[in-house]
Amino acid sequence: MKKTIDKALLKKLIIGTTAALLAVFGYFIWKKMNPVDVIKSIPIGDFTNPPTFSHNIYGDSASPFVMPLGVAVRDGEVYVSDSEGGFIQVFDYNGKHLRTIGDKKSKTPLKNPYGMAFYDGNLYVADGGQGKILIYAANGEYKGQFAPQGQRIGAPGQLLIQDNKLMFTDIAQRKVFVYNMSGQLLLSFGERGSQEGQFEYPHGLAVDKKGNFYVADSGNNRIQVFDANGKFVKILGKDANNSGTVVTPRGLAFDNRGNLYVVAGLESRVFVFDEKGTVKFTFSQLADKDIQLGLPNGIAIDSNNRIFVSETTPGRLSVFKY
């Protein structure tokens with residue numbers, strides 16, 4: 001018996017896909033860039049040890065992804081935030097759907113969830129549509145909100161919790177914020193612009209073992225590096241270290257060997273930088289030789305260096321492994 005697709009869901013899928021495509025072409029027109037020239041300029045990198053594609057996850061069969069953005073992994077489970085769908089779906093590594101968090105059936109539904117992080121057994125969710133960071137138990141029970149003291153949240157992007165510090169990029173305010181877990185502001189840096197230390201739509205955020213911040217400055221096509229005090233250090237992916245320009249970097253993540261993974265949205269690939277800031281290789285290929293990542297955005301890497309990449313078009317999660 002053939003399955004029928006709910007009309008409302010189909011409408012969401014069409015709207016989400018159309019919005020993503022318009023964003024792509026709008027970006028090229030705004031920047032006066034030729035997409036063909038951009039593809040030609042992409043550095044191939046050294047394919048000495050790229051990961052291989054494993055499988056795709058398309059969401060719950062009854063509720064497929066519309067626009068998956070953020071990815072997080074914990075205890076053998078994969079969490080994917082669907083910004084257009086307004087919920088988080090949880091899967092095992094093989095793609096079996098386990099539960100949904102914050103959907104319309106919830107007492108406290110999400111609006112446009114993006115970044116996610118874990119602390120003290122709970123899931124923290126950056127919701128750009130509400131300008132809030134919401135807290136859920138692992139089973140999906142709503143626990144409350146993270147309350148920054150004396151500060152407002154605009155549109156939070158990638159969210160991290162490390163060393164009892166909660167950190168996130170604010171796409172709307174063009175800043176990075178760092179708080180303690182009580183909500184006290186410890187550090188903020190950035191402002192709108194294209195100079196060193198300035199941002200245009202910062203999305204991804206990662207912190208290395210030395211406490212340095214790596215920020216995906218998406219609108220300026222670069223990754224900026226700052227020290228633990230928020231002082232500018234250097235730029236990656238902007239004709240730096242002979243790596244060419246990383247177009248629209250989004251999600252960032254470190255593996256357990258200290259390599260930095262950068263999702264390049266409009267290039268539909270992932271760049272891998274070594275600790276010196278040099279590109280080791282890039283990857284994008286899925287099982288079919290004619291299929292590559294489609295507008296990738298988020299990334300997460302588990303302790304075994306399995307790599308999970310969200311794709312806004314066609315709405316799926318791609319899994320790679322070494």
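## A walk through a strand-rich model

Start by selecting residues 58-94: the C-alpha atoms at the two ends of this span lie 12 Å apart, and the span is 0% helix and 62% strand. Helices here are DSSP runs of H or I with at least four residues, strands are runs of E with at least two, and both are numbered from the N terminus. An unreviewed UniProt entry annotates residues 58-94 as "repeat: NHL", and also residues 186-229. UniProt positions follow the numbering used here, feature names are shortened, and annotations may be inferred rather than shown by experiment.

Before moving on, a word about what you have open. This is a predicted model, in which local features need pLDDT of at least 70 and side-chain atom pairs count only at pLDDT 80 or more, while totals for chains, interfaces and linings use all residues. Residues are numbered from 1 along each chain as its sequence is written, and side-chain values use heavy atoms, with hydrogens and water left out.

**Zoom out to the whole chain.** You'll find two helices and 26 strands. Of the 322 residues, 55% are buried (buried is under 20% relative accessible area, exposed is over 50%, and partly exposed is in between, using a 1.4 Å probe and protein chains only). Take the contacts with a separation of 6 or more: 46% of them join residues 24 or more positions apart, a contact being heavy atoms within 4.5 Å.

**Next, pick P64.** This proline is in strand β3, residues 63-64, and is partly exposed at 22% relative accessibility. Now add Q89: it is 25 residues from P64 along the chain, and their C-alpha atoms are 9.6 Å apart.

**Now colour β1, β26, β25 and β24.** In that order, these four strands make an open sheet with antiparallel pairing. Two strands count as paired if DSSP finds at least two bridges between them. The edges are β1 (52-57) and β24 (296-301), each pairing on one side only. From one strand to the next, the twist averages 25° (axes are lines fitted to C-alpha atoms, for helices over the stretch in contact, and angles run from 0 to 180 degrees between N-to-C directions). Inside the sheet, look at β25 (residues 307-311) and β26 (residues 316-321), which run antiparallel and are joined by five bridges. E311 sits opposite R316 of β26.

**Switch on the charged side chains.** The structure holds eight salt bridges, each being a side-chain nitrogen of Lys or Arg within 4 Å of a carboxyl oxygen of Asp or Glu. Three stops are worth making here.

- Select R74 and D75, whose side chains form a salt bridge at 3.5 Å, N to O. R74 is partly exposed, with a relative accessible area of 26%, while D75 is exposed at 64%.
- Go to E200 and R174, a salt bridge with its closest N and O atoms 2.7 Å apart. E200 is in the loop between β15 (185-189) and β16 (202-207), and R174 is in the loop between β13 (165-170) and β14 (175-180), so the pair ties together parts 26 residues apart in sequence. Both E200 and R174 are buried. Add R192 to the view, and you have a network of salt bridges linking R174, R192 and E200.
- Finish with D217 and R222, where the closest N and O atoms of the salt bridge are 2.8 Å apart. D217 and R222 are both buried.
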